Amino acid sequence: MGAKTKKAAKKSKAEAAAAAAPAKPGIDSTVSVIVAVWAIILGSVALIKLPEFFQRNGEFGTFEETVGPPKTSPPLQQTPRNVEAEERALQQKKIRESLPIFEPIDTDYSCNSETLLQFMHADDVPGMHLFCVEQKDERTRTLSVYKNLKGKLKKDPTPENKFSASHIAEMEVWTWESFHMALNATLTLPLMEETQRQGWALFTPTGDRILSEDTEQTAENDKVVVETLPKLGMFLLMEGGQWVWPGVHRGFKRTIALDDNNNATLETLSLEPLVLSVEGFLTVEECDLIQEKAAPKMKYSSVTLMDKDKGRPSSDFRTSQSTFLNSRGGPELKAIDDRTASLVRIPRMHQEYAQVLKYEKDEKYDTHLDYFDPAMYQNDARTLQTIQNGRRNRMATVFWYLTDVEEGGETVFPRSGGKPHPEENNVSYGGCDDGLKVKPQRGKVIIFYSMTADGVVDPFSLHGACPVKQGTKWAANKWIWNEAMNYLKE
């Protein structure tokens with residue numbers, strides 16, 4: 001048999017054997033069987049689990065069960081106890097529970113828009129701050145601060161209060177010491193011993209003194225803090241230590257009670273410098289009495305010269321006549337002193353003697369400042385000693401008009417409104433052309449402040465007496481210091 005014939009015979013036998021052997025399942029058919037079995041198993045599990053799932057999670061729950069043994073969450077790690085913090089919290093709780101309970105009180109002043117409008121300014125008033133006390137709960141009171149009396153509006157104002165406080169502090173312990181610390185923290189007040197200024201002081205909204213920086217802590221003063229201030233509901237702090245009437249805005253009027261059972265209405269003429277006007281402060285009889293007592297003593301005025309003006313005659317600056325009246329000259333004069341003290345809310349012992357002035361035709365007083373700038377009196381030991389190198393000074397002038405004047409004789413404030421210093425101080429040659437001018441009116445007084453509420457001298461208080469053009473001008477003034485002086489006796 002040939003080779004090809006043998007190969008063909010072998011191939012035929014192999015094919016026959018393969019056809020006769022039993023068939024073996026392939027890989028594809030095996031996978032199909034496995035998938036089908038698992039589908040049956042999973043379907044059975046789902047049917048068993050679904051009723052339990054809906055009962056537990058609700059009809060629209062999310063099925064998150066998995067086949068197999070239930071998953072177990074890892075054991076929660078317990079946060080270690082902070083024994084120290086727990087003890088501190090417990091101690092604070094005991095302290096709070098031991099604090100006195102604040103009884104609700106009806107305050108004298110409510111910090112609502114109507115009341116705040118009597119004090120808020122469009123611009124900052126340095127050194128003048130308003131506080132409101134309100135009760136949060138039986139053991140906490142809040143202290144709201146309106147710094148520099150700036151009337152900032154709330155983002156969402158309410159009819160009750162449209163102004164936004166610059167700081168709010170919660171206080172549970174009310175003593176003079178804790179209150180003192182809260183004031184310094186909220187305002188960062190300069191310490192009295194670190195400056196040349198007087199210490200700050202607290203006042204009622206009508207200018208009555210309450211406490212000051214150097215007030216000692218006593219049970220009586222603690223009572224003031226615990227009872228008086230919350231009862232007020234509102235009070236003011238003056239960094240300069242003396243009361244200054246808030247001007248609010250030009251044209252603002254405020255009626256106040258005086259100690260002699262009369263009232264006075266203050267009208268704001270200027271905010272910078274602060275100038276207030278009061279009509280009818282003196283009676284016709286009082287105006288006549290002052291002139292009568294002063295007339296025999298009148299002589300041409302002198303001035304305290306700055307270093308740069310030494311050697312010049314006083315008449316270069318001032319051509320009026322003047323004299324000083326001591327209130328010991330009669331009860332009527334003392335009564336005017338007392339009324340003046342009541343008007344400015346500064347004790348009588350801060351006043352100098354009344355200076356009475358007389359201006360005839362063309363007489364005047366060039367623009368000047370009533371306070372003493374230490375830098376301008378370095379060669380004047382007496383003046384430096386009087387002002388204690390700047391720690392004390394004239395802070396306000398109450399100027400009395402004793403007659404009407406037909407023409408001229410106005411009091412001029414050339415820097416009113418923040419204007420620059422005038423090129424000419426001589427009121428006879430342009431010094432009366434610009435600024436606020438107040439016309440003399442019998443019985444009227446003006447108050448102008450030479451120091452701002454923070455105890456700093458105010459160069460904008462520059463003022464002068466314009467020449468009288470027709471008639472005679474009689475006037476008088478009271479200089480008031482930021483500290484008690486030795487001019488007047490009780």
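The exercises below work through a predicted model, taking a sheet, its aromatic contacts and a pocket in turn.

**Exercise 1. Establish the order of the strands in the open sheet, and explain why β7 and β10 each leave one side without a neighbour.**

Step one is to read the order of the nine strands, which runs β7-β8-β9-β18-β14-β21-β12-β11-β10, with antiparallel pairing. Step two is to look at the edges, where β7 (253-257) and β10 (299-300) stand with a single partner strand each, so one side of each has no neighbour in the sheet. In general, strands of a sheet pair through backbone hydrogen bonds, in either the parallel or the antiparallel sense.

**Exercise 2. Determine which residues of β9 and β14 stand opposite residues of β18.**

Begin with β9 (residues 274-278), which runs antiparallel to β18 and is joined to it by four bridges; here Ser-277 is found opposite Ile-446 of β18. Then turn to β14 (residues 394-401), which pairs with β18 over five bridges, again in the antiparallel sense. Two of the partners can be named: Ala-396 is bridged to Tyr-449 of β18, while Val-398 is bridged to Ile-447 of β18.

**Exercise 3. Decide whether the residues of β18 are buried or exposed, and assign them to the two faces of the strand.**

The first step is to count: in β18 (residues 445-449), five of the five residues are buried, where buried means under 20% relative accessible area. The second step rests on a general point, namely that side chains in a regular strand alternate between the two faces of the sheet. Applied to β18, one side carries Val-445, Ile-447 and Tyr-449, and the other carries Ile-446 and Phe-448, with both faces covered.

**Exercise 4. Identify the aromatic cluster, and find which charged side chains sit over the rings of Phe-119 and Tyr-359.**

Start from the ring pairs, of which there are eleven, and note that Phe-131, Trp-176, Phe-179, Trp-200 and Phe-235 form one aromatic cluster. Next, consider the charges: the charged end of Arg-254 sits over the ring of Phe-119 at 5.3 Å from its centre, and Lys-473 lies over the face of Tyr-359, 4.8 Å from the ring centre.

**Exercise 5. Describe the second largest pocket by its volume and its lining.**

The volume of the second largest pocket is about 500 Å³. Its lining comprises 25 residues, with Asp-124, Val-125, Pro-126, Leu-271 and Glu-272 lying nearest the centre of the pocket. Sorting the lining residues by character gives 17 nonpolar, four polar and four charged.

Notes. Residues numbered from 1 in each chain as written. Predicted model: local features only at pLDDT ≥ 70, side-chain atom pairs only at ≥ 80, totals over all residues. Heavy atoms only, no water. Buried < 20%, exposed > 50% of the residue type's maximum accessible area, 1.4 Å probe, protein only. Pairing = 2+ DSSP bridges. Phe/Tyr/Trp six-rings, centres within 6.5 Å; stacked < 30°, edge-to-face > 60°. Lys NZ or Arg CZ within 6 Å of the ring centre and 35° of its normal. 1 Å grid on protein atoms, 1.4 Å probe; cavity = no way out; pocket = protein on both sides within 12 Å on 5 of 7 lines; lining within 4 Å. Points joined across faces, edges and corners; volume = space filled by probe spheres on them. Nonpolar A, V, L, I, M, F, W, Y, C, P; charged D, E, K, R; others polar.
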